[in-house]
Amino acid sequence: MVGASSLQPRLLSSFVGDRLLLSKQPVSRLFLYKPGNKHVSMQLSRTLSGLTNLLFNRRNLDEVPNAERQRLRPGKLSPRRPVPDHIPRPPYVNSRQPPGIASGAEVHDEKGIECMRSSGKLAAQVLQYAGTLVKPGIKTDDIDQAVHQMIIDNGAYPSPLGYGGFPKSVCTSVNECICHGIPDSRALEDGDIINIDVTVYLNGYHGDTSATFFCGDVDDEARKLVQVTEECLYRAISICAPGVEYKKIGKTIHDHADKYSYGVVRHFVGHGVGRVFHADPVVQHFRNNDGGRMMLNQTFTIGIYM
């Protein structure tokens, strides 16, 4: 997966539940990933009144150098969209507790490889379709509706829906929202960039992918950021092979980002994906000393945010 963000200072939105997390810790500590900690997502309520201040730290436009647009504010959420009863659900759907990252890397057999290809192909097709919808004036909730319908029309379940209470079927992250943004009533504006993160659950396997799209006339700095992020992704993919250390991914990404003086967001990680939505290995996107090597017939994501 690849993600990109705007050039403004940013905080982050993660998979969101229906409970308010009350904490006096700074947001950076609340979201920081630490090796050995299997829970890298955070449960929050998008609908409760304190969330805007928590996510955006009570900042305003005067604190953003050269800001030309207002910061994101939560819009209105539409009701949860139904999924036909005949479509199988992932095990976590009936639980509001995020399962975190499952221990142990999954190595697929021949059937598993076939299922992963099918779910990955559908996810890619849905993502491509979602990208065609990006234009000024469209609401992110409209994108969610279209994605939801395409997924269930193909007999699959939208993996984010119900994950730890997440209320929507796709993640739409606009501008300063790093990832896992919740589709709502906000309409996209000319010059926005939006990351669309699609995951489908088909035949018992999750296919997970994302990309960042330009909305209308996007400035050169944002275009360059997205371009370099994509270059980091493909450089990281190119070194993947059985026996390669996972930490080489982080070094490859970090080395290329450094050439352009870009920083790599450390709060979110890549992860194994298959029968489980989030599993080992944990893939860090910056220089690190984590152990572990890639294995034949495993699948994992690379999700870069800069």
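**Exercise 1. Place Lys251 and find its salt-bridge partner.**

Lys251 is partly exposed, at 46% relative accessible area. Partly exposed lies between buried (under 20%) and exposed (over 50%), using a 1.4 Å probe and protein chains only. This is a predicted model: local features need pLDDT of at least 70, side-chain atom pairs count only at pLDDT 80 or more, and totals for chains, interfaces and linings use all residues. Residues are numbered from 1 along each chain as its sequence is written, and side-chain values use heavy atoms, without hydrogens and water.

Step 1. Apply the rule: a salt bridge puts a side-chain nitrogen of Lys or Arg within 4 Å of a carboxyl oxygen of Asp or Glu.
Step 2. Lys251 meets Asp255, N to O, at 2.6 Å.
Step 3. Check the spacing. The two are four residues apart in helix α6 (residues 247–258), so about one helical turn separates them. Helices are DSSP runs of H or I with at least four residues, strands runs of E with at least two, numbered from the N terminus.

**Exercise 2. Find what else pairs with Asp255.**

Step 1. Asp255 is partly exposed, at 27%.
Step 2. Arg287 forms a salt bridge with Asp255 at 2.9 Å, N to O.
Step 3. This pair links distant parts of the chain, 32 residues apart: Arg287 follows β6 (279–283), while Asp255 sits in helix α6.
Step 4. Arg287 is partly exposed too, at 39%.

**Exercise 3. Decide whether Cys179 is bonded or free of disulfides.**

Step 1. A disulfide needs two cysteine sulfur atoms within 2.5 Å.
Step 2. The whole structure has zero disulfides.
Step 3. For Cys179, the nearest cysteine sulfur belongs to Cys177, 6.9 Å away.
Step 4. Cys179 is buried, at 1% relative accessibility.
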